[in-house]
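Please open your viewer and keep the selection panel handy. We will walk from stop to stop, choosing residues as we go.

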Amino acid sequence: MTARRRARGRLPLILLIPALLGLAFLVVPLAGLIVRAPWRTLPSQLFSPEVGEALRLSLVCASLATVICLVLGVPLAWVLARGDLPGRGVLRALVTVPLVLPPVVGGVALLLVLGRRGPIGQYLDSWFGISLPFTTAGVVIAEAFVAMPFLVISVEGALRAADPRYEEAAATLGASRWLTFRRVTLPSIAPGIVAGTVLCWARALGEFGATITFAGNFPGETTTMPLAVYLALESDPDAAIVLSMVLLIVSVVVLASLRDRWIRGVS
């Protein structure tokens, strides 16, 4: 056992050097952010009305977007994992497109479809008087569009890893599909749902491109934390650093919360 551990602990120098360089490439910019932070004025900057408003709006919109992703994404993941549909691979590719699509392009697509002249937006405006672009609701929609694939992928992975024999046993005992889903399937994939929800919320919190394109940048209404950082860079760099620090801390906390027991649920 000791010899095996020693063998595993030996790292070839040809791999160790680029690994350390890669680590430095990722960590040094974050360390620079911490070093350059205005620690003396940090409390006053952190509790300023602008930062508080942007943080409140970001938390509310990210949470609402995550709820939308849960309501729509969990059933979608179940269909992709368990449904016997033609072209399921194409459907899965379409679901994951927002992962690789530039967020600005996603914002443009939302604007063309849900804008007042769009194929859906025109009816929302004329029938119900609802206009989504450049509103707080638009922020929620943009964040949900970008973040939902993270939830779907996590839940689908958990469904594929779950043992289907429990569901088959429940069906044999006379349980309906809905009862089986609620009492058997959901508890078995709970770690995957939790991991996907956390990742989805974190992605929604940090969304920038689709938000500024579809919802605009109006303080108090659509200016979330990433947009506030963008604005502050031009007028108040210290405030931009403080806002970036807040997002960095939130990101670290989110990733630390995804412990191995949750990661195993989606592997």
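What follows is a short tour of helix packing, a surface patch and a salt bridge.

This is a predicted model, in which local features need pLDDT of at least 70 and side-chain atom pairs count only at pLDDT 80 or more, while totals for chains, interfaces and linings use all residues. Residues are numbered from 1 along each chain as its sequence is written, and side-chain values use heavy atoms, leaving out hydrogens and water.

**Stop 1: helix 8 and helix 11**

Select residues 136-161 for helix 8 and 190-205 for helix 11. Helices here are DSSP runs (H or I, at least four residues), numbered from the N terminus. The two pack at an angle of about 160°, with axes 8 Å apart; axes are lines fitted to C-alpha atoms over the stretch in contact, and angles run from 0 to 180 degrees between N-to-C directions. Helix 8 and helix 11 are therefore roughly antiparallel (angles over 145 degrees count as such, under 35 as roughly parallel, 65 to 115 as roughly perpendicular and the rest as oblique). Now show the side chains in contact (heavy atoms within 4.5 Å): they include Met148 and Leu151 of helix 8, and Ile193 and Leu199 of helix 11.

**Stop 2: helix 5 against helix 8**

Keep helix 8 and add residues 88-100, which are helix 5. The axes of this pair come within 6 Å and cross at roughly 135°, so helix 5 and helix 8 are oblique to each other. Among the contacting residues are Arg92 and Val95 of helix 5, together with Pro149 and Ile153 of helix 8.

**Stop 3: helix 6 against helix 8**

Next, select residues 103-114, helix 6, which packs on helix 8 at about 125° with the axes 10 Å apart. Helix 6 and helix 8 are therefore oblique too. Gly106, Leu110 and Leu114 of helix 6 meet Ile141, Ala142 and Phe145 of helix 8.

**Stop 4: a salt bridge in helix 4**

How many salt bridges does a search of the whole structure find? There are four, each a side-chain nitrogen of Lys or Arg within 4 Å of a carboxyl oxygen of Asp or Glu. For one of them, pick Arg56 and Glu53, whose closest N and O atoms are 2.7 Å apart. Being three residues apart in helix 4 (residues 49-82), Arg56 and Glu53 are separated by about one helical turn.

**Stop 5: Leu23**

Finally, find Leu23 in helix 2 (residues 13-35).
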